[in-house]
Amino acid sequence: MLHLCRSFISSSSSIISDCRYRLIARTSLYYNFSKYLQTSHSYFLKQFSKQCFLRSEHGIGKDDDDAVTMTSLNKGNDDTIGTQLNNHRFRNDLRSFRKRHRLSKAQRLYLKNDLENCLLEYRKRPNTLDALYFIHSPTFSFEQYLDIYKQPITPSVRQRILILMEMIDICSKFQKEENKKTFIHELVELLKTLKEEELRKYIAPNRWTSFIYWLAQDKNLEKEAIYWYNYIVDKGLRLPKKVTLHQMLRIFSSYGEYEKCRSIMNHLNNMGDAGNPVNYALLLNSLCKSKNLTQAMEVLEEMKQFNLVPRVGLLIFLVKICSEKKALEEGKIIHMLTKHEYPHCTELYNSIAYLYIACGHSEEAIEIFKQMKQDGTMNFVTWNCWIQAKISQKDTYGAIDVLNEMGKSNIEPSPSNFSTLISACTKHKLFDEGKKIYEQAQQRNVCSAELTTSIMNLYIRCGQPQIAITICNKMKHEKEAMDVETWNLLIRANLSVDNIRGAIDTVREMKLRGYEPNSYSFASLIAACTYHKLHEEGIYIIDVVNKYDHIKNQLEVKTAKVHFYLQFRYKKRVLLTLEEMRQQKKLDTNAYNCMIQAYSMIDRRDLACEVLHEMIISNNEETHPSPPTIIMLLQRCARSRDIVNGEKVVEMIKQNKLCQKEEAVLAVMIFFFSKVGHFDKAVEVFEQIVKTRVPNIRTWNILLLGYFANQQPRQALDAFDRMLQMNVDPPEQTLAIVLKGLIHAGLVDESRQFYNHMVTLWKGEMPQTLKKMIESLTNDAMEESNTMTHN
């Protein structure tokens, strides 16, 4: 028996010397084995089995020396063992081993199975070695393990990591999930404080698998699991086991990380897990999450090699992506797969039919509906899609027939069916048909806010807002027939009949009935007060808005407030509101244009230029200055002779190609350069227009005025002749501009010639307005001549 013990220890000690951090066997095996032997070496065996192996795993003692000691014990056979025990060197080695690995009192009590006194002794003198000794032991209850852990000890970083890992294992064993989460959080926070060298030194490679598996099991720690998984993969540490890889595949799939999922799939395939349907489902789900349709189709082809079919939910998800991307060919491939594997799945076929409608192939969708009708697999969603297919074909009457056919079946039409049809009638201005559909809904006692909204919108669009108000007043007492959008339509209907006070009363009634007005409600009211110049009502509404923090900060409301303040010349309030708008992070096109126009109107052109610059550098494709905004800003700069800010605007227009296709913008650039004395640049802009199109009469008028304003009347006459050559018929205003410019320039002969030309042009029938203007100009010229003669 002693020979067996010695051989077992010898083989184990040689493994320890090769791998310091590897756990050779469970500690309890050595306890039972040493107790069973009951030899004169029992103390030695207990010491080595418990202390040496525990310390070898945790890296605490000088285990290489212990291994040497045990190796020296193993030299020889049973006949020579006594001789070796008498060997002086061996006695010294054994003495030093016992000195280093002397058991504490608490450990000796534990070996006697006196757990109560063992824990009492540990509480009196808690230390790290005893804590590791007891936590690693399988004898205690969960409460006793917690008591051991909570005692005041001062472990090193490595020892603390080992204690926390052992406690997590204990929590898993006793199924204490809340305590387990607490210990995992502590371990994560501890590892975050360590450097890379310390992580490699303190944690054995095989422990990373358990650590990542613990993290992956907690949804709140999935991002931590991703971080530490990437860490061990990047650093080339041991690859996690199969069960951990499955968990990480699930996590990466939920985040749409296809490349990570594919990498894990390759590892699993190498582990003999190729063709697993769950793995492919997760891989396909990652592509659905990232909406990567091309690679999703490749995965479908790969699954065919293993005779795997995706789940219905994933196919529906893929069909929806095809609908969003208008990917008809990919949708047809999924349709063919569906015919063989899921021939009677209603939800899946509804999605495929909607795909065909979205791609403009409503006839294929209608064929699917007819087949589903024969199979008896239709539901109310199918009928609704059929109605939409008819509407997409602009066959409103056909959609009405489908609704009537639906009523004859066992499926009752839903409110959405009626509202969809009424909205289609509104769009195609089939008001009588829309009214009849609403009557059918009333006969069936169908009631919903969506239905009320659609019929009110129909009456407002067809110019009968008063009927919409009447319908809404009847529905007020039925809560299911009203929502915020319906109330907003009631406000809009009142505003369309100029009943501002009625619209304000509607907002009050909304609050009384438990509906919160939204930004549209207040913005439309403020805009109506601005348009009708209702000062007191507008101030009242703004005061009410300021009580709602979530509404008053909406850009829609602030834009309406700016226009109201501009109307009533509240310059300070305009500046304050504009400053609040500039501090908001996300501004839309309407907000930017409102700010630029408002700054222009209050003569803060410098701030208007700043906002225009901010709008351009925002790199948002949805935000762009409108032509009226640029025209207003440049006109203000021209009329105030603001060369600095005007040239900034022109430079931004040229560099960023803002509205350069809009002739009105180019015309106002000519106007600006004419006003500030840079008429050569104005001519350049005009020539730029001529290269692409024939300028309209407004542009010609601006150019002619510029010539006369810059003392170039003869060039103005040349421009007028050029206009005639380009087959542009000059109206009265253009003729008046030229004649007036020539008279003021003192060109009497040219004026007379131009007048005769006009008479010829108008065939002797001069318009009365032009005659009066010529008479006025002639009188002014004569008075000016007499004054000069008298002087």
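The dialogue below goes through the features of a predicted model.

Reader: Where should I begin, and what is the make-up of the chain in helices and strands?

Author: Begin with the secondary structure. This predicted chain has 47 helices and zero strands.

Reader: How much of the chain is buried?

Author: Of the 791 residues, 48% are buried. The accessible surface of the chain is about 41,100 Å², and carbon and sulfur atoms hold 49% of that area.

Reader: What share of the contacts in the chain with a separation of 6 or more comes from residues 24 or more positions apart?

Author: Residues with a spacing of 24 or more positions supply 62% of those contacts with a separation of 6 or more.

Reader: How do I read a nonpolar core, and which residues have the most contacts inside the largest one?

Author: The general idea is that nonpolar side chains in soluble globular proteins tend to be buried together. In this model the largest nonpolar core numbers 232 residues, and F211, W228 and M248 have the most contacts inside it. The helix that gives the most to this core is α11, residues 157-174, with nine residues. Domain 1 (591-693) and domain 2 (719-790) each contribute residues, so the core lies between them.

Reader: What is W228 in contact with, beyond its neighbours within four places in sequence?

Author: With those neighbours left aside, the contacts of W228 are V188, L191, K192, L199, W208, F211, I212 and L215. F211 thus appears twice: as a contact of W228, and with W228 among the residues that have the most contacts inside the core.

Reader: Take a residue of helix α11, I170. Is I170 buried or exposed?

Author: I170 is buried, because its relative accessibility is 6% and the cut-off for buried is under 20%. Beyond its neighbours within four places in sequence, I170 is in contact with I135, F142 and Y145. For F142, the sequence distance to I170 is 28 residues, while their C-alpha atoms are 7.5 Å apart in space.

Reader: Helix α43 spans residues 697-709 and holds L703. How do L703 and I697, also in helix α43, differ in burial?

Author: L703 has a relative accessible area of 2% and is buried. I697 has 27% and is partly exposed. Their contacts can be read in turn, with neighbours within four places in sequence left aside. L703 is in contact with I670, F679, F686 and A719. The C-alpha atoms of L703 and A682 are separated by 7.9 Å, with their positions 21 residues apart along the chain. The contacts of I697 are M723, V728, D729, P730, P731 and T734. I697 and P730 are 33 residues apart along the chain, and 7.3 Å separates their C-alpha atoms.

Reader: Now the charged pairs. How many salt bridges are there?

Author: The count is 29 salt bridges. One of them joins the side chains of K105 and E121, at 4.0 Å from N to O. K105 belongs to helix α7 (residues 105-111) and E121 to helix α8 (residues 115-124), so this pair links distant parts of the chain, 16 residues apart.

Reader: Which partner in that pair is buried, and which is partly exposed?

Author: E121 is buried, with a relative accessible area of 8%. K105 is partly exposed at 48%.

Reader: What does the bridge between K291 and E324 look like?

Author: The closest N and O atoms of K291 and E324 are 3.0 Å apart. K291 sits in the loop between α18 (277-290) and α19 (293-305), and E324 in helix α20 (residues 312-325), so the pair ties together parts 33 residues apart in sequence. K291 is partly exposed, at 35% relative accessibility.

Reader: And where are D603 and R605 in terms of burial?

Author: D603 is partly exposed at 49% relative accessibility, whereas R605 is buried at 15%. Their salt bridge has its closest N and O atoms 3.6 Å apart. As for networks, salt bridges with shared partners join K105, E121 and R125 into one.

Reader: Last, the surface. Which residues make a nonpolar surface patch?

Author: V233, L239 and M271 make a nonpolar surface patch of about 200 Å². L239 lies in the loop between α15 (222-234) and α16 (242-254), and with a relative accessible area of 32% it is partly exposed.

Key
Residues numbered from 1 in each chain as written. Predicted model: local features only at pLDDT ≥ 70, side-chain atom pairs only at ≥ 80, totals over all residues. Heavy atoms only, no water. Core = buried A, V, L, I, M, F, W, Y, C linked by side-chain atoms within 4.5 Å. Buried < 20%, exposed > 50% of the residue type's maximum accessible area, 1.4 Å probe, protein only. Helix = DSSP H or I, 4+ residues; strand = E, 2+ residues; numbered from the N terminus. Domains from an automatic or database assignment. Contact = heavy atoms within 4.5 Å. Patch = residues over 30% accessible without salt bridge, like charges linked within 9 Å, V, L, I, M, F, W, Y side chains within 5 Å. Areas by Shrake-Rupley, 256 points an atom, 1.4 Å probe, with all protein chains shown as cover.
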